[in-house]
Amino acid sequence: MTRITRPLILLAPLLAFLALAYVLPFAGVVGWSVTLPEPGVQNYAAAVTDPLILSVFWRTLRICVIVTVVSVVMGYILSLLWVRGTPLVRMLTELCILIPFWISVLTRAFGWLALLSNRGLINGWLEASGLIDDPLRLVRNEFGVIVGMVHFMIPFAVFPLASAMRNVDERVLMAARGMGASRTRSFWQVFVPMTAAGLMGAALLVFVFAIGFFITPAILGGGRSVMVAELIYLRIFQSPDWGLAAAISVILMVAISALLTLLLKQLSPKGAR
Amino acid sequence: MIRLRPGLIATLLAVLVGIFMLMPLLAVVPVSFTPKRFLSIPTDELSLRHYRTLFEDREWAEGIWLSLRIGLLSAGFATALGTLFSLGIWMFRPRFAGLLMGIALLPMVAPPVVSALTLYFFLITLTKLNGVVAYDTMLGVALAHSVMIVPFAVVLVSVSLAQVDRRMDLAARAMGASLGTRVFKVILPNIKFGVIAAFFLTFVLSWEEIAVTIFITSVEAVTLPRLMWQGLRDNIDPAIAAISVVLIVIVATVVIGRAAVTALRQRGT
């Protein structure tokens, strides 16, 4: 008897709390998706046939792929210095990663508005220097969304990349150089392949995060390039269609679960080999 | 020993990425000193009016106070639940530990917007039953934040438990210590920094939580991020620049301070 109840005293509070406040309500959302406005699967049918919704799915996918590639490449460069630089360089790189990381997503989106908007700093400089007459449209479009999202995601790309780079055995690199490989060649043919698992992990992590993301796109997209998460928000609060919003959420949840399963396989020791 | 340092091209590219990372944070500073009422760069004169707004406008003070209370409540609750759960997994290694851990981490890995809709459903259901822990109330938001941050408490406490020597607990048990004694006298003193770190991280996460908060509040429980969100969506209010500068200065001080302490300590040894 005690053998079962004792672990339960410790485990039950959290499990009961999440069951009540998360798992059951999610079941309720699934319920909405098949009962609102009337019972049936018409919401799912609409989600996969309505050209408007499909275009949002495609835009989300396109933006997320671009954001993933750019963040991982930029994160790779930053990780390189964070892991292999001199102590001073390492400290400065760390500041460039950690200060933005700890600052709220709203402040960061606001910073990009201050830089990119029509009356922002970049357009101000360009006009003052006479390079342009009319302000460039840098924000409230897809470009602004991508810039803001890349900025948000870089730290999340850096953490798995840096940990992969720390595990690279330095002697292998020295062996490559000792046997006559140039710096460039030992980087591309030895170092990069040895961090491939980290690259895959970082890419999947960023992609999974990006796909359900909605604050940065909502602020920097300005309603013009709606992504899937913002679509759910709009279908709840602006042109209500709760059933459809619930159906899209369920589809999103299933897609993310599939990707996460892939991520876990990638991160497990067996997957890395 | 020869260390293989990054070359010139890598360093130059990294400098560009570093500038990219810091640029939006620096851009906020000049905007916060604009004398105008809309987003603009000050040209002739600098003004502190937007900083004054933060002190004089009750909205901002109330938002900050509300976010503080919600942060402390939900971080305390989440850290307590997360610590108990991690202890349970570590001490008893139950069957299906992986599955249980997966359930505990669910709100962390699910897309934020799906969690937001789920918690919206949860709170409007609660609203039908009572008016205290409900949609658009302080306790409702604190409860929803607890759901979102509890996985992070579980992760931090579990990481810290992984470094504790299990034989210590086994010795205590063999000598007849009760569950309470084992937890409070033997294990907790060894993971106190992990628990404190969990409280700190979950507080920060609640303090800046916005995705869920948008779904579960409207006009009553306006937290600081909710207030900033409104200012960003409608007409961009430069007071947001002022509060952003304050937040950036706090974060930068803590991060740089920590880096400096680490650097000094390394030099000392």
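## Backbone outliers

In this predicted model, B:Arg93 is exposed, since 10 other C-beta atoms lie within 10 Å of its own and a residue counts as exposed at 12 or fewer. The phi angle of B:Arg93 is near 35°, a positive value in a residue that is not glycine. B:Arg93 sits in the loop that links helix H3 (58-92) to helix H4 (97-109) of chain B.

A:Arg140 is another non-glycine residue with positive phi, here near 65°. The loop that holds A:Arg140 runs between helix H6 (121-128) and H7 of chain A. A:Arg140 is partly exposed because 19 other C-beta atoms fall within 10 Å, and the cut-off for buried is 20 or more. In chain A there is also a cis peptide bond, between A:Leu36 and A:Pro37, with omega about -10°. A:Pro37 belongs to the loop between H1 and helix H2 (42-49) of chain A.

## Overall build of chain A

Chain A contains 14 helices and zero strands. Its C-alpha trace spans about 75 × 70 × 35 Å along the principal axes. Of its 273 residues, 45% count as buried. When contacts in chain A between residues at least 6 apart in sequence are taken, 74% of them join residues at least 24 apart.

## Annotated transmembrane regions

An unreviewed UniProt entry annotates residues 60-83, 95-115, 143-165, 186-215 and 242-264 of chain A as "transmembrane region". Two of these spans can be described from the model.

Residues 186-215 of chain A are 87% helix and 0% strand, and the C-alpha atoms at the two ends lie 41 Å apart. Residues 242-264 of chain A are 100% helix and 0% strand, with 32 Å between the end C-alpha atoms.

## Surroundings of A:Pro160

A:Pro160 is part of helix H7 (residues 142-166) of chain A. The residue also falls in the annotated stretch 143-165 of the UniProt record. A:Pro160 counts as buried because it has 26 C-beta neighbours inside 10 Å, against a threshold of 20 or more.

Apart from neighbours within four places in sequence, A:Pro160 is in contact with A:Gly198, A:Gly201, A:Ala202 and A:Leu205. These partners carry numbers inside the annotated span 186-215. The C-alpha atom of A:Leu199 is 7.8 Å from that of A:Pro160, although 39 residues separate the two along the chain.

## Contact between chains A and B

Contacts between the chains involve 72 residues of chain A and 71 residues of chain B. On the side of chain A that touches chain B, helix H1 (residues 2-35) gives the most, with 15 residues. That side of chain A is made up of 53 nonpolar, 12 polar and seven charged residues.

## The nonpolar core

The largest nonpolar core has 162 residues. A:Leu78, A:Val206 and B:Leu117 are the residues with the most contacts inside this core.

B:Leu117 has partners in both chains. From chain A, B:Leu117 touches A:Val29, A:Ile232, A:Ile236, A:Ala245, A:Ala246 and A:Ser249, and from chain B it touches B:Phe215, with residues up to four places away in sequence left out. Among these partners, A:Val29 has a number within helix H1 (residues 2-35) of chain A, while A:Ala245, A:Ala246 and A:Ser249 have numbers within the annotated span 242-264.

Notes
Residues are numbered from 1 along each chain as its sequence is written. Chains are lettered from A and ligands numbered from 1 in the order in which they are written. This is a predicted model: local features need pLDDT of at least 70, side-chain atom pairs count only at pLDDT 80 or more; totals for chains, interfaces and linings use all residues. Helices (H or I, at least four residues) and strands (E, at least two) are DSSP runs, numbered from the N terminus. Two residues are in contact if their C-beta atoms, placed from the backbone, lie within 7 Å. UniProt positions are given in the numbering used here, feature names are shortened, and annotations may be inferred rather than shown by experiment. Ala, Val, Leu, Ile, Met, Phe, Trp, Tyr, Cys and Pro count as nonpolar, Asp, Glu, Lys and Arg as charged, and the others, Gly among them, as polar. A nonpolar core is a set of buried Ala, Val, Leu, Ile, Met, Phe, Trp, Tyr and Cys residues joined through C-beta atoms within 7 Å.
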